[in-house]
Amino acid sequence: MTKTAESAVADQPGLVLRDFGGGPFGIYIHVPFCATRCGYCDFNTYTAGELGTSASPQSWFEALRGELATAAEQFAGLASATPEVETIFVGGGTPSLLGGDGLANVLGAVRENFTLAAGAEVTTESNPESTSPEFFETLLAGGFTRISLGMQSAAAHVLKVLDRTHTPGRAVAAAKEARAAGFEHVNLDLIYGTPGETDADLDASLDAVLSAGVDHVSAYSLIVEDGTALARRVRRGELPAPDDDVLAARYERIDQRLEAAGLGWYEVSNWAANDAARCRHNLGYWDGGDWLGAGPGAHSHVGGVRWWNVKHPARYADRVALGGLPVAGWETLTESERYMERVMLTARLRTGLPLTDLAPDAKLAVDAVIADGLAENRHGNLVLTDRGRLLADAVVRDLLG
Ligand SMILES: C[S@@+](CC[C@H](N)C(=O)[O-])C[C@H]1O[C@@H](n2cnc3c(N)ncnc32)[C@H](O)[C@@H]1O
Ligand code: SF4
């Protein structure tokens, strides 16, 4: 952990904020509750049974309000005025468990402490089974502008392996309800490469996604995360690990079908119908913007200082009650860490990595990835080719030497 000698404006142990970085400013809110735990997921989330009486959506909300107020106060001590909030992303966990009114209250708590920019993007993640037409209508009236639904697959047996509790058709029905309520921007998340998924299952999932009329799709290869129930099942030999060649073929199929339907890739795992449909909040992360992450375990980044909150909702609420930010750890990125991050994130974007951002000693690696057909020089930006997107991590490793 690196500490700087710059002025301390934070009162919690150790954390020293610098000024804002000058990029767009966003707020991420973490909702750490799920009805049940999906076997593949290692996000910081808890079921009611796991929490017992130690924390609840009510105690979480009170603590969240406290954290937002403290953060706003501490930002007011920085040299630059706190920028207007360009994007808000409520994620989880399962934010839709809070209901439409609960989520509107979350947005209200942000507004009590920060100023939203005109035309701000306000997204909430939602699980298909905890949504309804009224839920979406309440969100729209409350100021949300974008909905992201976890669909994962349209095949019942794949959803079963993933421990998803919704029926195959529910995600598409929910997306249509969101559109009918008036949401222009709706995303569906897909997971591909689940053990037992066939090419025909993937095609059925893509048919379903394309029938939903959404303007954004995220597709992630299934990651077997250490410590999850899925990892234990793979270790015991009950399920095969996802196969790299299958994953590559599935990615190509997803890309072909989405592109043919008018959804273009703008980041390796994300496709959008047009520029306005791209997730501005995530672009803020990828472009090195500033963001406050509020809620248990949330990560923040302001002007090259990164910090992360205590993870357990009960400990988080205890820390907020003490009056400071509920920080578990922090670091100031060194110049070389900032460089590595910039290369890692911008190389995955369709806009590409400005060649002028690369260190002189990366020139040989640039020539090699271009010669290998993994990237192209487009108007001074290094942009991954179709094949390069399949090997994005390896390209980044090569560029960073
Ligand atoms: C953490 S979830 C939160 C949203 C919501 N609870 C849901 O499940 O729809 C966000 C997305 O991350 C993706 N995800 C989570 N764990 C993953 C894993 N191990 N491998 C691939 N994708 C994963 C899923 O597509 C999921 O929709
Ligand atoms: S994938 Fe979503 S619903 Fe499933 S445990 Fe993770 S956060 Fe909860």
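This is a short talk on two helices, two cavities, a ligand shell and some backbone details in one structure.

Okay, hi everyone. Before anything else, keep in mind that this is a predicted model.

Let me start with helix α15, residues 392-400. Which residues of α15 are buried? They're Ala392, Val395, Val396 and Leu399. Looking down the axis of α15, those buried residues fall within an arc of 100 degrees, so they line one face of the helix. Turn to the face pointing away from that buried side, and you find Asp393 and Arg397, both exposed. As for what the buried residues pack against, there's quite a list: α12 (335-346), β13 (353-354), α13 (363-371), β15 (381-384) and α14 (386-390). And just after α15 comes glycine 401, with a positive phi of about 65 degrees.

Hang on to α15, since we'll meet two of its residues again in the cavities. The structure holds two cavities of 30 Å³ or more. I'll take the second largest cavity now, with its volume of about 40 Å³. Its lining is made of Ala347, Leu353, Leu382, Val383, Leu384, Val395 and Leu399. Two elements give two or more residues to that lining, namely β15 and α15. β15 gives the most, with three residues. By class, this lining has seven nonpolar residues, no polar ones and no charged ones. Val395 and Leu399 from that lining are also among the buried residues of α15.

Now the largest cavity. How much space lies in it? About 60 Å³. The residues lining the largest cavity are Pro24, Phe25, Gly26, Thr87, Arg280, His281, Gly284, Tyr285, Asp290 and Trp291. β1 (25-31), α10 (280-286) and β9 (290-294) each supply at least two of them, and the largest share, four residues, comes from α10. The class breakdown for the largest cavity is four nonpolar, four polar and two charged residues. The second largest cavity, remember, has no polar and no charged residues in its lining.

Phe25 and Gly26, which line the largest cavity, also turn up as contacts of valine 85. Valine 85 sits in strand β2, residues 85-92. Is valine 85 buried or exposed? Buried, because its relative accessible area is 0%. Setting aside neighbours within four places in sequence, valine 85 is in contact with Phe25, Gly26, Ile27, Phe114, Thr115, Leu116, Ala117 and Ala120. Take phenylalanine 114 from that list: valine 85 and phenylalanine 114 are 29 residues apart in sequence, and their C-alpha atoms are 7.0 Å apart in space.

On to the stretch between β2 and α3. Glycine 93 lies in that loop, and a cis peptide bond joins glycine 92 and glycine 93, with omega at about 15 degrees. Most peptide bonds are trans, as you know. Gly93 is also one of the residues around ligand 2. The others surrounding ligand 2 are Cys34, Thr36, Arg37, Cys38, Tyr40, Cys41, Thr94, Asn127 and Arg164. That shell divides into four nonpolar, four polar and two charged residues.

Next, helix α4, residues 133-142. Its buried residues are Phe135, Phe136, Leu139 and Gly142. Down the axis of α4, the buried residues fall within an arc of 125 degrees, so here too they line one face of the helix. Glu134 and Ala141 are the exposed residues on the face turned away. The buried residues of α4 pack against α3 (99-113), β3 (116-126), β4 (146-152) and α6 (170-181). α4 is followed by glycine 143, whose phi is positive, near 110 degrees.

A quick stop in the loop between β4 and α5 (156-161), where we find alanine 154. Apart from neighbours within four places in sequence, alanine 154 is in contact with Pro168, Ala204, Ser205 and Ala208.

Last topic: backbone angles. Most residues other than glycine have a negative phi. Which residues here go the other way? Aspartate 163 has a positive phi, near 65 degrees, and lies in the loop between α5 and α6. Aspartate 163 counts as partly exposed, because its relative accessibility is 33%. Histidine 379 has a positive phi too, near 50 degrees. Histidine 379 is found in the loop between β14 (375-378) and β15, and with a relative accessible area of 83% it is exposed.

That's my tour, thanks.

Terms used. Residues are numbered from 1 along each chain as its sequence is written. Chains are lettered from A and ligands numbered from 1 in the order in which they are written. This is a predicted model: local features need pLDDT of at least 70, side-chain atom pairs count only at pLDDT 80 or more; totals for chains, interfaces and linings use all residues. Side-chain values use heavy atoms; hydrogens and water are left out. Buried means under 20% relative accessible area, exposed over 50%, partly exposed in between (1.4 Å probe, protein chains only). The arc is that of the directions from the helix axis to the C-beta atoms. Contact means heavy atoms within 4.5 Å. On a 1 Å grid over the protein atoms alone, a cavity is a set of points where a 1.4 Å probe fits but cannot get out, and a pocket is an open set with protein on both sides within 12 Å along at least five of seven lines; lining residues have an atom within 4 Å of a point. Grid points are joined across faces, edges and corners, and a volume is the space filled by probe spheres set on the points. Ala, Val, Leu, Ile, Met, Phe, Trp, Tyr, Cys and Pro count as nonpolar, Asp, Glu, Lys and Arg as charged, and the others, Gly among them, as polar. A residue is near a molecule or strand if one of its heavy atoms lies within 4 Å of it.
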